[in-house]
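Visitor: I've got a model open and would like a quick walk through a few spots in it. Can you take my questions one at a time?

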Amino acid sequence: MANASRMSSYQRREQLLRIGRSLFAAKGFEAVSMEEIAATAKVSKPIVYEHFGGKEGLYAVVVDREMRALNDTLVAALSAQDVHPRQIVERTALALLTYIEENAEGFQVLVRDSPSTDPSSSFSSLLGDVSMRVGEILSEWFKKQKLPTKGVPYYAQMLVGMTVFTGQYWADQRKVSKEQLAALIVNLAWNGLSRMKAKPELRFEGEKAKKAAQRAAENDGTEETRTESPSAPAPSA
């Protein structure tokens, strides 16, 4: 353990955080042991306890750092003033993908299953906050377009969920660049938003659609019956 004496307390703490982040990203919280953390850092377990009080404490600090970094990234992208709404969509998608690209391990820690010790610090909580900000932006835009705002919270969840889950897939399947993927996300999101209907309806499924299809079929049957019926005989001369 001679290596431990060559690091300051700050350096040791940062080393343990890097090691913890890497292990939690690769294996998840439950699969990582204190023994593995200490062995990887080439220190004794008491040193890890001294800095973080245990595995839970180390994990909490790792998650808090990543949450703050991702939150700052997304808030900056969503806080633009006096820009076109599409630019905000583009900027936010690209900001998330840039974070994933530059902080691959940190993102994996956030999206993995984690202990439910503090729901307020969870990834889902962060996405909830982001969705609220997206909802505020959508509300303003919907009002300008004279669209009803009742569905805005749901549209916000859809946009955030689509972007985040696509980012998760891309984190493991980097077959396109982040700019290309951002363009794909915006293509679907913005072209959908720009053609919004005030009262959208299901075209093929749902009770209303099925009744309409049934009426159409009945009308077609009536027309066929009329067409196929023989004409009345002409009166005799």
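**A loop, some helices and a lysine**

Guide: Sure. R112 sits in the loop that joins helix 6 to helix 7. Keep in mind that this is a predicted model.

Visitor: Is R112 buried, partly exposed or exposed?

Guide: Buried would need under 20% relative accessible area, and exposed would need over 50%. R112 comes in at 31% relative accessibility, so the class is partly exposed.

Visitor: Which residue offers its backbone oxygen to a polar atom of the R112 side chain?

Guide: Setting aside neighbours within four places in sequence, R112 is in contact with F24, A25, A26, K27 and G28. The C-alpha atom of F29, 83 residues away along the chain, is 8.3 Å from that of R112. The backbone oxygen lying 2.7 Å from a polar atom of the R112 side chain belongs to A25.

Visitor: On to helix 7. How far apart are its end C-alpha atoms, given the span expected at 1.5 Å a residue?

Guide: Helix 7 covers residues 123–144, which makes 22 residues. The expected span takes 1.5 Å times one less than the number of residues. That gives 32 Å for helix 7, and the model agrees, because the end C-alpha atoms are separated by 32 Å.

Visitor: What covers the buried residues of helix 7?

Guide: The buried residues of helix 7 include F123, L127, V134, W141 and F142. Just past the end of that helix, K146 takes a positive phi of about 60 degrees. As for the cover, it includes helix 4, helix 5, helix 6, helix 8 and helix 9.

Visitor: Helix 5 and helix 8 cross at what angle?

Guide: On the helix 5 side, A93, L96, L97, I100 and E101 meet T163, V164, G167, W170 and A171 of helix 8. By class, that contact has seven nonpolar, two polar and one charged residues. The crossing is right-handed. The axes come within 10 Å, and the angle is roughly 35 degrees.

Visitor: Last one: why does K178 count as buried?

Guide: K178 belongs to helix 9, residues 178–193. Leaving out neighbours within four places in sequence, its contacts are L94, L97, T98, E101 and W170. The cut-off for buried is under 20% relative accessible area. K178 is buried because its relative accessible area is 15%.

Conventions. Residues are numbered from 1 along each chain as its sequence is written. This is a predicted model: local features need pLDDT of at least 70, side-chain atom pairs count only at pLDDT 80 or more; totals for chains, interfaces and linings use all residues. Side-chain values use heavy atoms; hydrogens and water are left out. Helices (H or I, at least four residues) and strands (E, at least two) are DSSP runs, numbered from the N terminus. Buried means under 20% relative accessible area, exposed over 50%, partly exposed in between (1.4 Å probe, protein chains only). Contact means heavy atoms within 4.5 Å. Axes are lines fitted to C-alpha atoms, for helices over the stretch in contact, and angles run from 0 to 180 degrees between N-to-C directions. A crossing is left-handed if the near helix is turned anticlockwise from the far one by less than a right angle, and right-handed if clockwise. Ala, Val, Leu, Ile, Met, Phe, Trp, Tyr, Cys and Pro count as nonpolar, Asp, Glu, Lys and Arg as charged, and the others, Gly among them, as polar. A polar contact is a pair of N or O atoms within 3.5 Å; within protein, one must be able to donate a hydrogen and the other to accept it, and residues adjacent in sequence count only if both atoms are side-chain atoms.
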